[in-house]
Amino acid sequence: MSDLILHQYDASPFSEKVRLVMGLKSIAYQAVEVPMMLPKPDVLALTGGYRRTPFLQVGADIYCDSALICDVLEQRAPQPSLYPAALTGVQHVVSSWADATLFWAAIPYAMQVGGLAQRMSDAGPEFLKAFGADRAAMTAGRARPGPADTGVHLHRQLAWLESMLADGRPFLLGAVPCIADVSAAQSVWHLRRAPLLADLFVPYPRVSAWYTRVSAFGHGTPSPLSSADAIGIARQSTTFAPVQVDTGLGFEAGAPVVVSATDYGTDPNEGTLVGLTPAEVVIERVDERAGRVHVHFPRLGYQVKAVKTST
């Protein structure tokens with residue numbers, strides 16, 4: 001049985017991004033279905049405060065954010081590479097754009113035209129209201145463009161994708177898939193799930209054909225696991241992935257710190273600093289249910305602050 005545990009839910013776009021990577025690399029893994037909104041007691045037992053979806057668990061190591069999860073999967077299954085060397089840093093630039101700018105055009109567009117209610121047609125009005133309030137709290141402080149602006153933003157970016165494929169290339173940056181493809185595909189997947197938006201991609205036939213190729217990666221080989229069992233696995237684990245605290249980055253090993261996202265879902269995650277490099281920050285924390293865990297975050301998109309102590 002694989003030791004990779006993906007905590008996700010079916011309708012999560014960033015979970016779909018990671019699932020496509022699992023498919024591209026033919027990875028077997030265990031899948032825990034997490035709640036779509038708070039409360040998430042089993043999630044927080046493992047992460048401390050991080051509530052975004054998905055996250056990856058390997059024993060008592062908890063990897064937050066899809067960008068870091070993709071790095072871990074690349075290390076575990078290097079071929080086919082998610083980061084082909086020939087595509088240089090361009091693939092990361094396009095991936096970053098897709099994870100942020102394209103994503104934040106697609107999500108509100110789908111909600112404003114009724115796509116959310118259509119995808120959750122079996123949910124009652126109280127659930128939809130609660131879900132909306134949960135996401136509003138999660139994205140507090142973000143500007144919310146109106147329907148007309150959102151439509152322009154989305155179509156402008158879909159046109160960019162269409163133009164990238166104009167020379168007949170099968171994937172966004174050439175003959176082979178890369179991180180840019182799965183990052184952009186998650187937003188297309190989200191939009192295509194609403195029947196109400198069936199005609200959205202008519203002006204973008206190359207995007208539709210490209211998405212068909214990416215979706216053919218599949219989702220690897222998942223097997224279900226309960227959240228209680230995942231917590232038990234963390235508690236029973238006695239080893240951690242190697243980590244280090246580099247010098248010159250502003251913090252010393254053992255310092256009490258708070259790590260939080262800088263864009264949305266900025267809930268604080270407090271712990272003892274055990275890892276810090278230009279790529280990753282790792283905190284150690286102890287939970288009465290999960291035991292001692294190491295929670296990993298990427299540096300990009302996150303900030304590290306010292307815990308304020310009273311005098």
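Good morning. I begin with one residue, F103, which counts as buried at 6% relative accessibility. The model I am presenting is a predicted one. F103 has an aromatic neighbour in the sequence, W104, and W104 is partly exposed, with a relative accessible area of 22%.

Let me turn to the aromatic rings in general. A pair of aromatic rings is described by the distance of the centres and the angle of the planes. How many aromatic pairs does a search of the whole structure find? The search finds seven. In one of them, Y50 and F297 meet edge-to-face, with 5.9 Å from centre to centre and 70° between the planes. Y50 belongs to the loop between α2 and β3, whereas F297 sits in strand β9, so this pair ties together parts that are 247 residues apart in sequence. Are these two residues buried or exposed? Y50 is buried, at a relative accessible area of 4%, and F297 is buried too, at 0%. F103 and W104 also form an edge-to-face pair, with 5.1 Å between the centres and 85° between the planes.

Which residues do ring pairs link into a cluster? The cluster consists of F14, F103, W104 and Y264. Y264 has a further partner: R52 lies over the face of its ring, 4.1 Å from the ring centre.

I now come to D65 and the helix that follows. D65 is placed in the loop between β4 and α3. Its phi is positive, about 85°, although D65 is not a glycine. D65 is buried, with a relative accessible area of 12%. What does D65 do at the N-terminal end of α3? It caps that end, with a side-chain oxygen 2.9 Å from the backbone nitrogen of A67. Helix α3 itself covers residues 66-76, and its buried residues are S66, L68, I69, C70, V72, L73 and E74. For the reader new to helices, an α-helix has 3.6 residues a turn, so residues three or four places apart point the same way.

A second residue with positive phi is S26, where the value is near 55° and the residue is again not a glycine. S26 is found in the loop between α1 and β2, and at 62% relative accessibility S26 counts as exposed.

Next, the strands. Strand β7, residues 269-276, is mostly covered, since six of its eight residues are buried. Which strands does β7 pair with? Strand β6 pairs with β7 in the antiparallel sense over four bridges, and V259 stands opposite N269 in β7. β7 also pairs with strand β8 in the antiparallel sense, over four bridges. Here G275 stands opposite V282 in β8. β7 and β8 form a hairpin, with three residues between them.

Let us look at the interior. The largest nonpolar core has 56 residues, and L56, L73, L154, L191 and W210 touch the most other members. Leaving aside residues up to four places away in sequence, L154 touches L102, A105, A106, Y109, L191 and L200. A second, separate core has 31 residues, among them C64, L225, L273 and V281.

Finally, two peptide bonds deserve mention. The bond from L38 to P39 is cis, with omega near 5°, and P39 lies in the loop between β2 and α2. T53 and P54 are likewise joined by a cis peptide bond, with omega about 5°. P54 has its place in the loop between α2 and β3. Thank you for your attention.

Notes
Residues are numbered from 1 along each chain as its sequence is written. This is a predicted model: local features need pLDDT of at least 70, side-chain atom pairs count only at pLDDT 80 or more; totals for chains, interfaces and linings use all residues. Side-chain values use heavy atoms; hydrogens and water are left out. Rings of Phe, Tyr and Trp (its six-membered ring) pair if their centres lie within 6.5 Å; planes under 30 degrees apart count as stacked, over 60 as edge-to-face and the rest as tilted. Helices (H or I, at least four residues) and strands (E, at least two) are DSSP runs, numbered from the N terminus. Buried means under 20% relative accessible area, exposed over 50%, partly exposed in between (1.4 Å probe, protein chains only). A charge sits over a ring if NZ of Lys or CZ of Arg is within 6 Å of the ring centre and within 35 degrees of the ring normal. A polar contact is a pair of N or O atoms within 3.5 Å; within protein, one must be able to donate a hydrogen and the other to accept it, and residues adjacent in sequence count only if both atoms are side-chain atoms. Two strands pair if DSSP finds at least two bridges between them. A nonpolar core is a set of buried Ala, Val, Leu, Ile, Met, Phe, Trp, Tyr and Cys residues joined through side-chain atoms within 4.5 Å. Contact means heavy atoms within 4.5 Å.
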